[in-house]
Amino acid sequence: MGYTITEKILARAAGLPAVRAGQDIKAKPDFVLAYDFPGYTDVYFKTMKEDFGIERVAEPERFGIFIDHMVPTATAKEEELHINTRNWCAENDVPLFERHGIGHQVAAEVGYATPGAFVVHFDGHVSQLGTFGTLAIGLRRNVMEAFVSDTVSIRVPDTVRVNLRGSLRPGVMARDVFHHLVRRLGPSSCRFQVLELGGPSVAAMSTEGLQTITGLAMFTGALTAIVNPDPVRLDYALPRARKKLEPVSSDPDAQYSAVHDIDLSDLEPIVVVPPTPADTRDLTEFLGLEINAGYLGSCASGRLEDLRAAAKVLEGRRVKTGVSLHIVPTSQELMAAAAREGLVSTLVEAGAFVSSPSCDYCFGRIATMTAGQRAVSTGTLNVRGRMGSPDSEIYLCNAAVVAASAIEGRIADPRPYL
């Protein structure tokens, strides 16, 4: 019986010839990542020194810290947090990435998405590194173990395999594919397991689209998501990789806890209805619902194909008066590329407010809504209070839907604009 890509990566990280799902092991992460945020990195740095007597990390090249929240700072307290992070990274010779963009995207750009690597973070959206054959798991507060020890304790997870088939229709994007998976499989279908994506549609899908799908894996209950790396993903990842590892893939006879085959040929644009990321509906059910704001960005969106889709809808048109459309490219690298393509000028001329990369719009620190307001969003969540008042509403959808809705001032179908 063969092994899954997850079992192969964890076996190497544990220094064992092989491991199976359900086995308790201690594995050494190739990379330990975090972004500074109150109650997380500041606590880790303090605990390492005061409770464990660790003055410096032994292998600083294994670590990476990102400053992507509270950028730019609005209070002295926020700047003090960043200063603390800068100082710790300097003292420990740990790479720091500040104002490069949203960390999960930047992590791929700067080489932490090494095919075959085992990566840990406290945030589950790091799963998007799985696009490149990297096993990236958000351990939440248990990531503290990786800061004070070489290894982390982990039970080798089972894997759910999903084979995607069929071509996407115009106006349907990777965002719709992911929410369709939630609708078909259920929000707990991959609970504490790895979501492994395969099939002809995955091979044909853009790298950016796969980053969207893998990055949202937690909303199926999954620990992470992963894709067996193909030449396209390897061409992106290997020249950037921070470590030389042999890429691995699942064996043809690997054992899965479940296998699902899903045809995407008839998929329509989707909207996720508040206040839960599990309430997935067809967009057509909510056409005409008035909105006040649109947000295109987050670690789940804001990449070039999202910006291109929005620009195609908005070109030669204007955002409706009274609607605030915020567009936030996911990284500085992507924002520069969008500017070179002329996408930024198209979006600005249409009336969008284009901002430098930051996580702040996604968690409601910037452009917050008040009671009774409603937004369409490519953010990660639509729970109460995510973008301001708990009495406001967030409808999750793809980038083209956000743009079309901003033009009409109501939830709109982008297909007539395309």
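Me: Leaving aside neighbours within four places in sequence, which residues is leucine 129 in contact with?
Reply: This is a predicted model, and contact here means heavy atoms within 4.5 Å. With the neighbours within four places in sequence set aside, the list for leucine 129 is Leu33, His104, Ala107, Ala108, Tyr112, Ala113, Val119, Thr134 and Ala136.

Me: How many residues does the largest nonpolar core have?
Reply: Leu129 turns up again here, among the residues with the most contacts inside that core. Leu33, Trp88, Phe118 and Phe147 are the others named that way. The residue count for this core comes to 54.

Me: And which helix gives the most to this core?
Reply: Look for the one that puts in six residues. That's the helix spanning residues 5–14, H1.

Me: What about the other core, how many residues are in that one?
Reply: This one lies apart from the largest core. Among its members are Phe286, Leu296, Met335 and Ala350. The number of residues is 42.

Me: Which strands stand at the edges of the open sheet?
Reply: Five strands make up the sheet, with parallel pairing, and the order reads E4-E3-E2-E5-E6. An edge strand has a single partner strand, so one side is left without a neighbour in the sheet. That fits strand E4 (96–98) and strand E6 (135–138).

Me: Which residue in E4 does isoleucine 65 stand opposite?
Reply: Strand E3 covers residues 63–67 and runs parallel to E4, with three bridges joining them. Opposite isoleucine 65 you'll find leucine 96.

Me: H1 packs on the sheet, so to speak; what angle does its direction make with that of E5?
Reply: H1 touches strand E5 (118–121) and also E6. Its direction and that of E5 make an angle of about 85°.

Technical notes: Residues numbered from 1 in each chain as written. Predicted model: local features only at pLDDT ≥ 70, side-chain atom pairs only at ≥ 80, totals over all residues. Heavy atoms only, no water. Core = buried A, V, L, I, M, F, W, Y, C linked by side-chain atoms within 4.5 Å. Buried < 20%, exposed > 50% of the residue type's maximum accessible area, 1.4 Å probe, protein only. Helix = DSSP H or I, 4+ residues; strand = E, 2+ residues; numbered from the N terminus. Pairing = 2+ DSSP bridges. Axes fitted to C-alpha atoms, helices over the stretch in contact; angles between N-to-C directions.
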